[in-house]
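This report works through one protein model, moving from a single side chain outward to the strands, loops and links around it. The sequence and the structure are shown first.

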Amino acid sequence: MSLGIWVLAGAVVAGVVLSALKTWADGRFRGKVEDVERVSADEVGGELGERATLLQFSSAFCAPCRVTRRTLAEVEGMVDGVRHVELDAESHLELVRRLDILRTPTTLVLDSTGAVVKRASGAPRKPDVIAALATAIDRQPN
């Protein structure tokens, strides 16, 4: 076999592995957020949820953003005291930079004080959103 075929085979294998990893990680909420950021009601253009807030960053031509919007709206309707807020990433560049939003959709789960508890890039699944909300609600100050 020639060197070119080996290089091609290696590139195909690397592409398949990276694609599988991306698919596995897409939409999953990351555990602990290292540097706890806070988001204020003024920054989201309205009130935060009484118990938690689902903050979604979207863009105009993002198909997964529409799926995420539906999922988060359904969860908002299921859990009392939770608010879903969708922000256009392009219109909120300062906040996007501060929170290190790299792609859309990105969902941040905020506790009742506006602290970022969990984050997911890509379209999250409803059970994952509910589990992330449980973490945020458990952190509520008494």
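## Leu108 and the nonpolar cores

In this predicted model, Leu108 touches Thr53, Leu54, Leu55, Phe57, Leu99, Ile101, Val116, Lys118 and Arg119, when residues up to four places away in sequence are not counted. The largest nonpolar core has 15 residues, and Leu108 is, together with Leu55, Phe57 and Leu99, among those that touch the most other members. Strand E2, strand E3 (82-88), helix H4 (93-98) and strand E4 each supply at least two residues of this core.

Another core, of 13 residues, lies apart from the largest one, and its members include Val79, Val129, Leu133 and Ala136.

## Strand E4 and its partners

Leu108 points one way from E4 along with Thr106 and Leu110, whereas Thr107, Val109 and Asp111 point the other way. In a regular strand the side chains alternate between the two faces of the sheet. Here both sets of residues are buried, and E4, which spans residues 106-111, is accordingly described as mostly covered, with six of its six residues buried.

E4 runs antiparallel to strand E2 (residues 52-58), to which six bridges join it; within this pairing, Thr107 is the bridge partner of Gln56. E4 also pairs in the antiparallel sense with strand E5 (residues 116-121), over five bridges, and in that pairing Leu108 stands opposite Arg119. E4 and E5 form a hairpin with four residues between them, and in the turn Gly114 has a positive phi of about 90 degrees.

## His84 in strand E3

His84 lies in strand E3, and it counts as buried because its relative accessibility is 13%, under the 20% limit. Its side chain is joined to that of Gln56 by a polar contact of 2.9 Å, and Gln56 is also the residue whose bridge partner in E4 is Thr107. Leaving aside neighbours within four places in sequence, His84 is in contact with Leu54, Gln56, Arg69, Leu72, Ala73 and Glu76.

## Backbone features in the loops

Two residues of the loop between H4 and E4 deserve separate mention. Most residues other than glycine have a negative phi, and most peptide bonds are trans. Asp100, which lies in this loop, has a positive phi of about 60 degrees although it is not a glycine; with a relative accessibility of 47%, Asp100 counts as partly exposed. Pro105 is found in the loop between H4 and E4 as well, and the peptide bond that leads to it from Thr104 is cis, with omega near -5 degrees.

Thr104 is also 6.6 Å from Gly122 in space, C-alpha to C-alpha, while the two are 18 residues apart in sequence. Gly122 is found in the loop between E5 and helix H5 (126-138). Is this glycine buried or exposed? Gly122 is buried, because its relative accessible area is 1%, which is under 20%.

## The disulfide

The model has one disulfide by the distance rule applied, and Cys62 and Cys65 form it, with their sulfur atoms 2.2 Å apart. A disulfide is a covalent bond between the sulfur atoms of two cysteines. The link of Cys62 and Cys65 is right-handed, with 85 degrees about the S-S bond, and both of these cysteines are buried.

Conventions:
Residues are numbered from 1 along each chain as its sequence is written. This is a predicted model: local features need pLDDT of at least 70, side-chain atom pairs count only at pLDDT 80 or more; totals for chains, interfaces and linings use all residues. Side-chain values use heavy atoms; hydrogens and water are left out. A disulfide is a pair of cysteine sulfur atoms within 2.5 Å. Buried means under 20% relative accessible area, exposed over 50%, partly exposed in between (1.4 Å probe, protein chains only). Two strands pair if DSSP finds at least two bridges between them. A nonpolar core is a set of buried Ala, Val, Leu, Ile, Met, Phe, Trp, Tyr and Cys residues joined through side-chain atoms within 4.5 Å. Contact means heavy atoms within 4.5 Å. A polar contact is a pair of N or O atoms within 3.5 Å; within protein, one must be able to donate a hydrogen and the other to accept it, and residues adjacent in sequence count only if both atoms are side-chain atoms.
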